[in-house]
Amino acid sequence: MTHGSTALKKMARGNIASQADRHYLYQESVQDTEAEIDFVENTWRSLRDRPAELLREDFCGTGNTACEWVRRDRQHYAIGIDLDSEVLEWGQLNNLEQLDDDPYQRIELLQENVLDAHAEPADIVLAMNFSYYLFLERADLLTYFQAVHAGLLDDGLFILDAYGGYDAPKVLQEERECEGFTYIWDQASFNPIDSMMNCHIHFEFPDKSRMEKAFSYYWRLWTLPEIRELLEMAGFSQVTVYWEGTDEESGEGDGVYQPSEAGDADPGWVCYIVAEKL
Ligand SMILES: C[S@@+](CC[C@H](N)C(=O)[O-])C[C@H]1O[C@@H](n2cnc3c(N)ncnc32)[C@H](O)[C@@H]1O
């Protein structure tokens, strides 16, 4: 084999990043839809005496979580809402159309603004992976929470997640190894005066090629008291923070989230918030 052909072979297989699919990588590294829907089902069961049917996934992206909802039960329906046609088309092809016929009939993705969604009243509205941090002003976040309140049945639940901790406003990069690639969370800038930050997700591959800024977010690092106050102002009658327990052996989070009024001052935490309409 000549040096030339070796170089060509290297070039052909040498740039995994250019051939990788950012939505696939996102789903593999960021989302845990089974754990999310486990939390949703357990929480609904503990708070309500009837089965939940319609789940609306706001900021649904590829609709991955909504797919998990309709796979779980024949009575489950889902509507996913996102502004971006590109991500919705990807989700339609790679997630919805991979469902069996029966769950496929019970899910729909809508290209709409969550502030003005034309969806039937839902049992549950989900806003995951901090997507509502994209609303930068209090008035806009309040308008969104009011829209969710109006979009729920009377006994409906709004379930959202939040993150924080003393590392959250730092400029830093965190790496995590995933199957076949490295996920890199990049907190590129933070402005303490208005709490706005620029964050990116990059992916790196075993051949050292990188997909830079596969996803970028300009958002506001909201605090839990602000979020709770705005949910209450929007009309939710009960707003509860579900805080993660600690595994005694590892000292890490144990994946079990319980209603809490006090949390640990961790460097990085993720919690759920459950807002009850009535
Ligand atoms: C961080 S991604 C969330 C992906 C997914 N929900 C998850 O759990 O990983 C944010 C998504 O929100 C969408 N988005 C941003 N503003 C929106 C709005 N006003 N209405 C609907 N979708 C919006 C973007 O197109 C993007 O797909």
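How many aromatic pairs does a search of the whole structure find? The search finds 26 aromatic pairs, and the legends below begin with one of them. The model shown is predicted.

**View 1. An edge-to-face pair formed by Phe 181 and Phe 203.** The ring centres of Phe 181 and Phe 203 are 5.6 Å apart, and the angle between the ring planes is 80°. An angle over 60 degrees counts as edge-to-face. Phe 181 belongs to strand β7 (residues 181-191), whereas Phe 203 belongs to strand β8; the pair therefore ties together parts that are 22 residues apart in sequence. Both Phe 181 and Phe 203 are buried.

**View 2. The surroundings of the ligand, to which 16 residues contribute.** The residues that come nearest to the ligand are Tyr 26, Phe 59, Asp 82, Asn 113 and Asn 129. Sorted by class, the shell consists of eight nonpolar, five polar and three charged residues.

**View 3. Polar atoms of Asn 113, Val 114 and Asn 129 beside the ligand.** In the side chain of Asn 113, an N or O atom is 2.9 Å from a nitrogen atom of the ligand. Val 114 contributes a backbone N or O atom, which lies 3.0 Å from a nitrogen atom of the ligand. For Asn 129, a polar side-chain atom lies 2.8 Å from an oxygen atom of the ligand. On its own the ligand has 610 Å² of accessible area, of which the protein covers 87%.

**View 4. Ser 209, in the loop between β8 (196-204) and β9 (210-220).** The side chain of Ser 209 reaches two backbone nitrogens: that of Ile 16 at 3.3 Å and that of Ala 17 at 3.0 Å. Is Ser 209 buried or exposed? Its relative accessible area is 9%, so Ser 209 is buried, the cut-off for this term being under 20%.

**View 5. Asp 101, a residue of helix α7 (residues 101-104).** Asp 101 has a relative accessible area of 55% and is therefore exposed, since this term applies over 50%. From C-alpha to C-alpha, Asp 101 and Glu 28 are 24 Å apart in space, and 73 residues separate their positions in sequence.

**View 6. Helix α4, which comprises residues 33-47.** What span should the 15 residues of this helix have at 1.5 Å a residue? The expected span is 21 Å, and the end C-alpha atoms are 21 Å apart, so the two values agree. Buried residues in α4 include Thr 33, Glu 36, Ile 37, Phe 39 and Val 40. Glu 41, Thr 43 and Trp 44 of α4 are also buried.

Notes:
Residues are numbered from 1 along each chain as its sequence is written. This is a predicted model: local features need pLDDT of at least 70, side-chain atom pairs count only at pLDDT 80 or more; totals for chains, interfaces and linings use all residues. Side-chain values use heavy atoms; hydrogens and water are left out. A residue is near a molecule or strand if one of its heavy atoms lies within 4 Å of it. A polar contact is a pair of N or O atoms within 3.5 Å; within protein, one must be able to donate a hydrogen and the other to accept it, and residues adjacent in sequence count only if both atoms are side-chain atoms. Accessible areas come from the Shrake-Rupley method with a 1.4 Å probe; for residues, only the protein chains shown count as cover. Ala, Val, Leu, Ile, Met, Phe, Trp, Tyr, Cys and Pro count as nonpolar, Asp, Glu, Lys and Arg as charged, and the others, Gly among them, as polar. Helices (H or I, at least four residues) and strands (E, at least two) are DSSP runs, numbered from the N terminus. Buried means under 20% relative accessible area, exposed over 50%, partly exposed in between (1.4 Å probe, protein chains only). The expected span of a helix is 1.5 Å times one less than its number of residues. Rings of Phe, Tyr and Trp (its six-membered ring) pair if their centres lie within 6.5 Å; planes under 30 degrees apart count as stacked, over 60 as edge-to-face and the rest as tilted.
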